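Me: I should like to learn how to read the features of a protein model. May we take them one at a time, beginning with a single strand?

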Amino acid sequence: MQISYKKKLELNKGIVLVPVFDDLKNLPDYIQGWLKDRIKEGSFKTEYGDLIWNYNSDPKVPDLTFVVALGDKKAITPALIRKAYAKAVKQIRTKDLHELNVYLPTSMHAYLQEISEGIALANYRLGIYKTGKDRQEEMDKIIKKVTFIGELDKAKKQLLDKGTLIGEKVNEVRDLVNGPHNYININYFTELSKKIARKNKYKVRILERRQMEKLGMGALLGVNLGSEIGAKMVLLEYMPNGRNEKPIALVGKGVTFDTGGLNLKSGNGIDWMKMDMAGASVVLGVFMLLQSLGIKKNVVAAIPLTDNAIDAKAQKPNDIVTTYAGKTVEVANTDAEGRLILIDAISYTIKQYKPEAIIDLATLTGACMIALGFEYAGMFGNDNELKAAVAKAASETDEEVWELPIHEDHSKQIKGVFSDLKNLGAGRYAGASTAAAFIREFVEDTKWIHLDIAGVSKSDRPKDCELEGSASGYGVRLLIRLLENLAA
Ligand code: BES
Ligand code: ZN
Ligand code: ZN
């Protein structure tokens, strides 16, 4: 999406999107007449989310004007603004329009980042694996050029650019998560990580299977036994504040496909398991942005990568593995693989970086989806201040979280009989909590947040800023805001 700026509305050409609150203030003169007529005749209500358009033959005004209603000014929030613009842009796209002028009166200047984010997020498309005419049709559906119109000084333009950039990187993450395993596999991730590191001058290291064998990462390597491609772990460092400040560590589950292993998933259950690397993708998405946004916080990433596949060498139920931390774990169910790869990444991160805090993101349990549906990630943690900071960033970005508990009994359930621990609770109840209890065994005294993003990583419900039936990119905006808030 190409962005440009103008001070005043062009008076003879183009398509313009104009916002209106129900006080009908801040409207360009030429609209006043027809908008009031429409309101009088009852075809436009200025209720939040209403959209109306008008073709003009007058050469002194734009050809086509869309008016998006924002309702009551006192009830408006940044999240509502983002959604209203996203919804409007989705409708505009159905009309095959590719250049959009966005009129920004001063009443909108408090929401510039949300506006451009909403526009960019709504401009997402599928179809990159289509060819020929079908591909062209998909690509033609996007808006190519946006011109923001208003009295916009440098700082305001920067906010608009920032929202656009964030939205576009979220869309890149969506492409990753939507990408099938035969394209987006372990090697794709490591190559992409190197590319991001090169571009942004981050330090990057990739641990290969051999090195991890030497290090004793038995939990991660056990999951990898049935795979064609060797497991890898991507380590990224962004250290703008120098080596003395402890970093925030982001750990993302990177199961590039989850068959379930020998505890094979059913037909329904295996569908969409290409997205089991959403956590990894989101962490990479954050690293696509840290440098460009100039975030003043040290951040490291650890991204464990493997698929969970089956062949003769695949790990068997009841196998006992020795983790990097030295504890033994019975693999009571090979489909509970996410927690196994996370714990080795977390232990390594603690040893290597002594982070101020660890935040892990993982499409970890179906149980979390059962509990919270598609609206909230499940949040677990061991530090109230950090939980509050995550909850604040979540509400600011409208990527919501809901705290779930870890009961003493949940921890009891994952105690082992033949080994120190087992990777499965007693039954299917509180499955998100028993998974979190298992991970907590490995965080030592580090501040820690675990976000179970199984339910929010794919849009199964219509949402304004997302494309239904596609990966959502949930978490990039939340983490960026959290890091910004922590740096402030
Ligand atoms: N990747 C799945 C969880 C998942 C399910 C993510 C649906 C997204 C959508 C995870 O590895 C898994 O299989 N979890 C099991 C754990 C069980 C065996 C304890 C589950 O939730 O059923
Ligand atoms: Zn699984
Ligand atoms: Zn999984």
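Me: Which residues point one way from E15, and which point the other way?

Reply: Please note at the outset that this is a predicted model. To read a strand, one asks to which side each residue points. Ala377, Met379 and Gly381 point one way from E15, while Gly378 and Phe380 point the other way. Residues on both sides are buried.

Me: How many residues of strand E15 are buried?

Reply: A residue counts as buried when its relative accessible area is under 20%. Strand E15 covers residues 377-381, and five of its five residues are buried, so by this cut-off the strand is mostly covered.

Me: Which strand is joined to E15, and how do the two run?

Reply: For a pair of strands, one looks at the bridges and at the direction. E15 and strand E16 (residues 401-403) are joined by three bridges and run parallel. Within this pair, Trp402 in E16 is the residue opposite Gly378.

Me: In what order do the three strands of the open sheet lie?

Reply: A sheet is read from strand to strand. Here the order is E12-E13-E17, and the pairing is mixed. Strand E12 (320-322) and strand E17 (421-422) are the edge strands, each pairing on one side only. Strand E13, residues 328-330, is joined to E17 by two bridges, and these two strands run parallel. Leu421 in E17 has Val329 opposite.

Me: Where in the chain is Asp96, and what is notable about its phi?

Reply: The backbone angle phi is read residue by residue. Asp96 is not a glycine, yet its phi is positive, at about 60 degrees. This residue belongs to the loop between helix H2 (78-93) and strand E5 (99-103). With a relative accessible area of 47%, Asp96 is partly exposed.

A second case is Ala430, also not a glycine, whose positive phi is about 50 degrees. Ala430 is found in the loop between E17 and helix H15 (431-440). Its relative accessible area is 36%, so Ala430 counts as partly exposed.

Me: Which residues is Lys447 in contact with, leaving aside its neighbours within four places in sequence?

Reply: A contact list shows which parts of a chain meet in space. For Lys447, the list holds Glu356, Ala357, Ile358, Asn382, Asp383 and Leu386. Glu356 is 91 residues away from Lys447 along the chain, but their C-alpha atoms are separated by 6.8 Å. Lys447 itself lies in strand E18 (residues 447-452), and its relative accessibility of 35% makes it partly exposed.

Me: What share of the contacts in the chain comes from residues 24 or more positions apart?

Reply: One may ask the question of Lys447 again for the whole chain. Among contacts with a separation of 6 or more, residues 24 or more positions apart account for 77%.

Me: Why does the radius of gyration of the chain agree with that of a compact globule?

Reply: One compares the value with an expectation for the chain length. For 488 residues, a compact globule would have a radius of gyration near 23 Å; the chain has 24 Å, and so the two agree. Along its principal axes, the C-alpha trace spans about 80 × 50 × 40 Å. The chain contains 16 helices and 18 strands, and 57% of its 488 residues count as buried.

Me: How much surface does the chain expose, and what do carbon and sulfur atoms supply?

Reply: The exposed area is about 20500 Å², of which carbon and sulfur atoms supply 50%. As for charge, there are 68 positive and 63 negative charges, and their mean positions are 4 Å apart.

Methods:
Residues numbered from 1 in each chain as written. Chains lettered and ligands numbered in written order. Predicted model: local features only at pLDDT ≥ 70, side-chain atom pairs only at ≥ 80, totals over all residues. Heavy atoms only, no water. Helix = DSSP H or I, 4+ residues; strand = E, 2+ residues; numbered from the N terminus. Rg over C-alpha atoms; globule rule 2.2 N^0.38 Å. Buried < 20%, exposed > 50% of the residue type's maximum accessible area, 1.4 Å probe, protein only. Contact = heavy atoms within 4.5 Å. Areas by Shrake-Rupley, 256 points an atom, 1.4 Å probe, with all protein chains shown as cover. Lys, Arg positive; Asp, Glu negative; His and termini not counted. Charge placed at Lys NZ, Arg CZ, Asp CG, Glu CD. Pairing = 2+ DSSP bridges.
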